[in-house]
Amino acid sequence: MRKLVRRHLGKVVAGGALAVAASAALVAVTLPDQAGAGESGRSTTAGSSRQDAVAPDGRVQAAPDEGSEGVGSDPLTDAETERAQKIALDSNGLRSSARDVEGDRGPQRLSTNLAENEPGATGSDAERRAEIVYYDYKKDAVVAKTVNLKTGKVESTNTAQNVQPPPSEEELTEAAQLLIADDHGKGLRDDYKKATGKKLDGPGDLDLSGFVFRKETLASAPSDVQDCGKHRCIQVVAKVKNGPWIDTRAFVVDLSDRHVGRLR
């Protein structure tokens, strides 16, 4: 299972790269040929009154319609993504049994990507499939589902504990919120006030990134992070918007039991 989930996670990065490439291709700028350039192979002299022609402004063409279904190894369309996620949530009671990072009903979605087919696959084996990875905070487990986009059925469900994929944007926001409100967040609040002259009201005032923390990364982990690895623990990297970084590396936010631990 760990191998399967790690394979899913590897495709999170690849899927993101494909999405960026696809977005970049949506806008095309067309510039007409420069009028008069190289006309009859002649050049002007220093005393000529003739001025160089200036090309008119470029035209931005409208992006083509995406369509509801992709073809082959095309990235998932918005319609396919929405449909696959609905099918996955409705299967096996996942929507009602699992809990997200805020404790609300339903699991926390981490990623949705196009599943890879085996080389040379044909027929039903080559059908487009979506892989959706969730984190269930009720069970502290990763749930990975594969949805066949043609049949509309969940073909496989894999659940594993002690597996920690990279955090989602929602998880980073929640971790930052807990840190800001905690006693351990005093340094973060003070540094923000020094940098901006304003009170730090919440995660929206910061540019956030971060990564999963496991106790195995330390030779000797403090008692308040002993469950990290089994629990969902995040180290937040915070930056003042259009300003300096604020060092928060000493703190770990345990999202599973919603407390903040200190490493040193």
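In this predicted model, a good place to begin is an open sheet of 4 strands, which follow one another in the order β3-β4-β5-β6 and pair in the antiparallel sense. The two edges of this sheet are taken by β3, covering residues 108-114, and by β6, covering residues 153-160; each of them has a single partner strand, and therefore one side of each is left without a neighbour in the sheet. From one strand to the next, the twist averages 15 degrees.

It helps to recall what holds such an arrangement together: strands of a sheet pair through backbone hydrogen bonds, and they can do so in a parallel or an antiparallel way. As an example of the antiparallel kind, β3 pairs with β4, the strand made of residues 129-136, over 6 bridges. If you follow this pairing residue by residue, you will find N113 standing opposite E131, which belongs to β4.

A helix accompanies this sheet. Helix α2, made of residues 78-90, lies across β3, β4, β5 and β6, where β5 is the strand of residues 141-148, and the helix runs at about 55 degrees to β4.

Further along the chain, the eye can turn to strand β8, which spans residues 233-240 and is mostly covered, since 7 of its 8 residues are buried. Which strands pair with β8, and over how many bridges? Strand β7, residues 206-212, is joined to β8 by 7 bridges, and the two run antiparallel; within this pairing, S209 has V237 of β8 as its bridge partner. Strand β10, residues 251-254, also runs antiparallel to β8 and is joined to it by 2 bridges, with D254 in β10 serving as the bridge partner of C233. Strand β9, which consists of residues 245-246, pairs with β8 in the antiparallel sense over 2 bridges, and here K239 stands opposite W245 of β9. Between β8 and β9, which form a hairpin, there are 4 residues, and in this hairpin N242 takes a positive phi near 60 degrees.

Finally, a careful reader should ask how much confidence the predictor attaches to the model. The mean pLDDT of the protein is 83, and 76% of its residues reach 70 or more. Over residues 11-49, however, pLDDT stays under 50, and for this stretch the model has 25 contacts beyond four places in sequence. Where pLDDT is low, predicted coordinates should not be read in detail.

Conventions
Residues numbered from 1 in each chain as written. Predicted model: local features only at pLDDT ≥ 70, side-chain atom pairs only at ≥ 80, totals over all residues. Heavy atoms only, no water. Pairing = 2+ DSSP bridges. Axes fitted to C-alpha atoms, helices over the stretch in contact; angles between N-to-C directions. Contact = heavy atoms within 4.5 Å. pLDDT = per-residue confidence, 0-100. Buried < 20%, exposed > 50% of the residue type's maximum accessible area, 1.4 Å probe, protein only.
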